[in-house]
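Thank you all for coming. I would like to walk you through one structure this morning, beginning with its rings and then turning to its helices.

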Amino acid sequence: MNAANTTFLIISCVLVFFMTPGLAFFYGGLVSKKNVVNTMFSVFVICGVAVLLYAAVGYELSFNGNIGGVIGTVKHFFLDGLNLAQLQSKELGINVGTFLLFQMMFAIITPALFVGAVVGRMKFNFLLIFIILWSIFIYYPMVHMVWSSNGLLASYGVLDFAGGTVVHINAGVTALVLSVFLGKRINFGKEKQSHYNLPWVLLGTTILWIGWYGFNAGSALGMTEIAVQAFLTTTVATAAALVTWMVLDMVVVGKPTLEGACTGTICGLVGITPATGFVTGAGAFWIGALSAIVSYLFITYVKPKLKYDDPLDAFGCHGVSGIVGSILTGAFASKFANSSISNGLFYGGGFHQLLIQIVGTLFTIVFVTIVASLLIFILKLFMKIRVEESAEITGLDQSEHGEIADYTVSTTSADVGKYEQEFQGQLAHLNNPQD
């Protein structure tokens, strides 16, 4: 076992895990005051649910065995009898246990991403059951198809270094499907949505950016040249997207906004994810900038015409930027950055890899749309998907959890008079020389 690579991967595990609480702050800061607790709890609870599910069957369905290149087989329920000390990669010197932990962190953050599409109107118990079924029937098959050595999309040649199809297109399309099935919020489009805490949005964005280094560089599975390349391209693409979104805001809105800069940052992180270990710094710049441009245009001009209700733009950011990044991987992939791959369109490789990326992207969109729709349709036969109108007006913090984000003390004029008398008495006491 290689101690350096193992340590690097464990640190990456911690960074990726840290992203989920970061996402809770990001989403919690963006929603209205009456839905803060529900939003943050809906994200954070996945840290428990996804870990238990992954240990029970998730790792096995993702990487053990093979059924038609689509899904694995469960032979070690709750990892019973699985040899965690066995080497996962002899070249890198990492064992099964370390690799399993790293992949477990991805299984936590991915379903948390589509929570942003359902805030303020989905019943909490429906969301929990959906996440479990979604993980089994959509997420684990996607992992197997893309990242397992005998997976369907991997065999076809689809490149996805750290989760463009598996994580972001997957979660983004799921968010869109959930938005359509849920319907619009009460008074949708009639009043501007207020944000609970913009500093939380910046805090969450910063945590996500830091954690993304574990997400992207960690996907090299060792402290290698590819890991360094992934760290660099992640940084360049994110910076490009941040600045691009800010400039677009200055041109379109007339002023730069903190919310916009944070949104652009996320789009850059998403866009570079599938390409991060396959492209140069120049390729990363263009992927980051183009991801921000396409997502900005979609959210600003296309989304209002489609009239679906995705409050935190989970599809507009993760879905759209994920699609852009996945396709552009086929354009900017370079043997100079990674000698194990073929050159993309702009590096003399022709349209071959670009077409493969387009097919892989379209397959992911269709697969996730169909299966997610079926899961929602079946679940709706047994339980309500949406809270009552009165609960939505009151807010899900109260109706679903009986908690609120902060408490305001109501003070009457009589209270003020009483407090003033007490203050005057204490002041006289302090001014008494005998005391």
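How many aromatic pairs does the count come to by this rule, where rings of Phe, Tyr and Trp (its six-membered ring) pair if their centres lie within 6.5 Å, and planes under 30 degrees apart count as stacked, over 60 as edge-to-face and the rest as tilted? The count comes to 24 aromatic pairs. One of them is Tyr196 with Trp200, an edge-to-face pair at 5.3 Å centre to centre with 65° between the planes. Phe363 and Phe367, by contrast, are stacked, at 6.0 Å centre to centre and 5° between the planes, and because they are four residues apart in helix H13 (residues 352–380), about one helical turn separates them.

Before going further, I should say that this is a predicted model, in which local features need pLDDT of at least 70 and side-chain atom pairs count only at pLDDT 80 or more, while totals for chains, interfaces and linings use all residues. Residues are numbered from 1 along each chain as its sequence is written, and side-chain values use heavy atoms, with hydrogens and water left out.

Turning to helix H7 (helices being DSSP runs of H or I, at least four residues, numbered from the N terminus), 16 of its 19 residues are buried, so H7 is largely enclosed by the rest of the structure; buried means under 20% relative accessible area, with a 1.4 Å probe and protein chains only. H7 also bends by about 25° at Asn170, the bend being the angle between axes fitted to the seven residues ending there and the seven starting there. Just after H7, Gly183 takes a positive phi of about 85°.

Note on methods: Helix = DSSP H or I, 4+ residues; strand = E, 2+ residues; numbered from the N terminus. Buried < 20%, exposed > 50% of the residue type's maximum accessible area, 1.4 Å probe, protein only.
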